[in-house]
Amino acid sequence: MTAGLPRLVLLGGGHAHLHVLQDLARTPSAVAAAVLVSPHGTLSYSGMVPGVVGGVYAPSACTIPLVRLAAAAGVRYVAAEAVGLDAAGRRVVLADGSSLPYDVLSLDIGGQQDVQALPGAAGHAVFVRPLGAFVQRLASWLGAARPDGPGRVVIGGGAAGFELAMALRRRPLPVALVTGGAQLLAGYPPGVVRRAERALARAGVEVLRSRALSVGPAFVELEGGVRRACEGCLIATGSTAPPWLAGSGLALDSQGFVRTGPTLQSVSHPEVLAAGDVATRVDVDRPRSGVQAVRAGLPLARNLRLLLAGRPLRPYTPPRRTLNLLACGDGRAIMSWGGWSAEGRWAWWWKDHIDRAFVAHHGGPAEAQGLIRAA
Ligand SMILES: Cc1cc2nc3c(=O)[nH]c(=O)nc-3n(C[C@H](O)[C@H](O)[C@H](O)COP(=O)(O)OP(=O)(O)OC[C@H]3O[C@@H](n4cnc5c(N)ncnc54)[C@H](O)[C@@H]3O)c2cc1C
């Protein structure tokens, strides 16, 4: 630490940092300065984005006001994107070339999508990440397709791809889901996969199990020389690590995510903590998810406080099982807990209630606001 009070930088306005801001608002920490850096003044809550796509929610319903939360916490908000990190020199490099020094850094910047991974996608497809940008351009993207056109294609056979394909089916156009050769919902229990397959069939979503090779102006090219015509391609493939972390000096895993230990500290730089999708725990194996990012929020807040006070940090064990609710877009959801699953309208009601309560709890629209119509 430098002489005097430490400088805290919260990089990224992700799900875990919501808890940190709330904690700082309740009890201010002894810091010389605290800064939140995020390119957008709001966070789009991912759990509700498929509902926005399906027209169940207005875009504002999933919006959490980071600027307001930062102000309430006495944290200065800096509207900027980090493009580099010098862990040895303890400074974050911003897109305008300036840099922010820190004594303690907390990373919650999520993951991103590699727009170059699929040829043609950068020019002809829409990427679901960053979520805020996706939500902003959603209306014009939806409006671009002709009512008698070939419909839309979603690429990505994970939870986001499934939910987005099902949500798009609420709109009057055909939808195809490209799962990339991998099993639909890889990593989910077999019962959930079966339920999801039935839901896709019920909704009339065409499931294409081959790999997408490229995207053109009005088609997606698949393995085996198949061309699927479409007027709108949505890329919902898994997230990758921000590439600039590679030059940071932080210890990273083989995919470029920050390696952290039980206290959420970087294994190479103890003054750097990381949580959410950007972090990989070296001691436990957990999937990346919004639920895990949210659950890490309180331990992150506590350990930042302890570190700033020069006290020993406490270990955090992420839950092995979490409640999982997949929206089917038709007023139903698939619920799972470990290997057990069930589905129904009650599960959608439950998910809707949890999601809107979460947004409202973090200063977003009051629960009933933003709801356009029941799913
Ligand atoms: C459509 C969709 C639906 C999903 N639904 C669910 C669900 O129902 N349940 C679930 O558990 N998971 C869900 N997920 C996964 C979930 O979105 C992620 O796991 C979660 O967002 C990770 O949270 P995070 O805090 O790590 O980062 P994020 O929520 O991604 O937040 C990252 C923040 O950092 C900011 N940021 C990014 N880069 C920079 C930078 N360079 N400089 C400064 N700031 C930066 C961003 O603007 C953003 O504010 C869904 C994902 C998608 C795409």
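A helix here is a DSSP run (H or I) of at least four residues and a strand is a run (E) of at least two, both numbered from the N terminus. The legends below all show a predicted model.

**View 1. Two domains make up the assignment for this protein.** Domain 1 is pieced together from three stretches of the chain, 7-39, 80-112 and 239-308. Domain 2 covers residues 121-238. From C-alpha centre to C-alpha centre, domain 1 and domain 2 are 31 Å apart.

**View 2. Here we look into the largest cavity, with a volume of about 100 Å³.** It has 14 lining residues, and the ones closest to its centre are Pro50, Gly51, Ala327, Gly329 and Trp348. Three elements each give two or more residues to this lining: α2 (49-53), α6 (159-168) and α10 (345-361). Helix α10 has the largest share, with three residues. Sorted by class, the lining has seven nonpolar, three polar and four charged residues. Searching the whole structure turns up four cavities of 30 Å³ or more.

**View 3. Lysine 351 takes centre stage here, sitting in helix α10.** Is this lysine buried or exposed? Lysine 351 counts as buried because its relative accessible area is 7%, and the cut-off for buried is under 20%. Which residues does lysine 351 touch, once its neighbours within four places in sequence are set aside? Its contacts are Gly47, Glu163, Leu325 and Ala327.

**View 4. The second largest pocket holds about 250 Å³ of space.** Its lining takes in 18 residues, and Ala117, Leu118, Ile155, Ile235 and Thr237 are the closest to the centre. By class, nine of the lining residues are nonpolar, eight are polar and one is charged.

**View 5. Helix α7 runs from residue 190 to residue 203.** How far do its 14 residues reach? From the first C-alpha to the last, α7 spans 20 Å, close to the 20 Å expected at 1.5 Å a residue. Look for the buried residues of this helix: Gly191, Val192, Val193, Arg195, Ala196, Ala199 and Leu200. These buried residues pack against helix α6 and also against the strands β12 (175-178), β13 (206-208), β21 (324-327), β22 (333-337) and β23 (340-344). After α7 comes glycine 204, with a positive phi near 75°.

**View 6. Leucine 185 has a positive phi, about 50°, although it is not a glycine.** To find leucine 185, follow the loop between β12 and α7. How much relative accessible area does leucine 185 have? The value is 0%, so leucine 185 is buried.

**View 7. Leucine 264 also has a positive phi, about 75°, and it is not a glycine either.** This leucine belongs to the loop between β18 (258-260) and β19 (272-274). Its relative accessibility is 3%, so leucine 264 counts as buried.

**View 8. The last close-up is of a cis peptide bond, the one from arginine 129 to proline 130.** Its omega is near 0°. Where along the chain should you look for proline 130? Check the loop between strand β10 (126-127) and helix α5 (131-143).

Note on methods. Residues are numbered from 1 along each chain as its sequence is written. This is a predicted model: local features need pLDDT of at least 70, side-chain atom pairs count only at pLDDT 80 or more; totals for chains, interfaces and linings use all residues. Side-chain values use heavy atoms; hydrogens and water are left out. On a 1 Å grid over the protein atoms alone, a cavity is a set of points where a 1.4 Å probe fits but cannot get out, and a pocket is an open set with protein on both sides within 12 Å along at least five of seven lines; lining residues have an atom within 4 Å of a point. Grid points are joined across faces, edges and corners, and a volume is the space filled by probe spheres set on the points. Ala, Val, Leu, Ile, Met, Phe, Trp, Tyr, Cys and Pro count as nonpolar, Asp, Glu, Lys and Arg as charged, and the others, Gly among them, as polar. Domain bounds come from an automatic or database domain assignment. The expected span of a helix is 1.5 Å times one less than its number of residues. Buried means under 20% relative accessible area, exposed over 50%, partly exposed in between (1.4 Å probe, protein chains only). Contact means heavy atoms within 4.5 Å.
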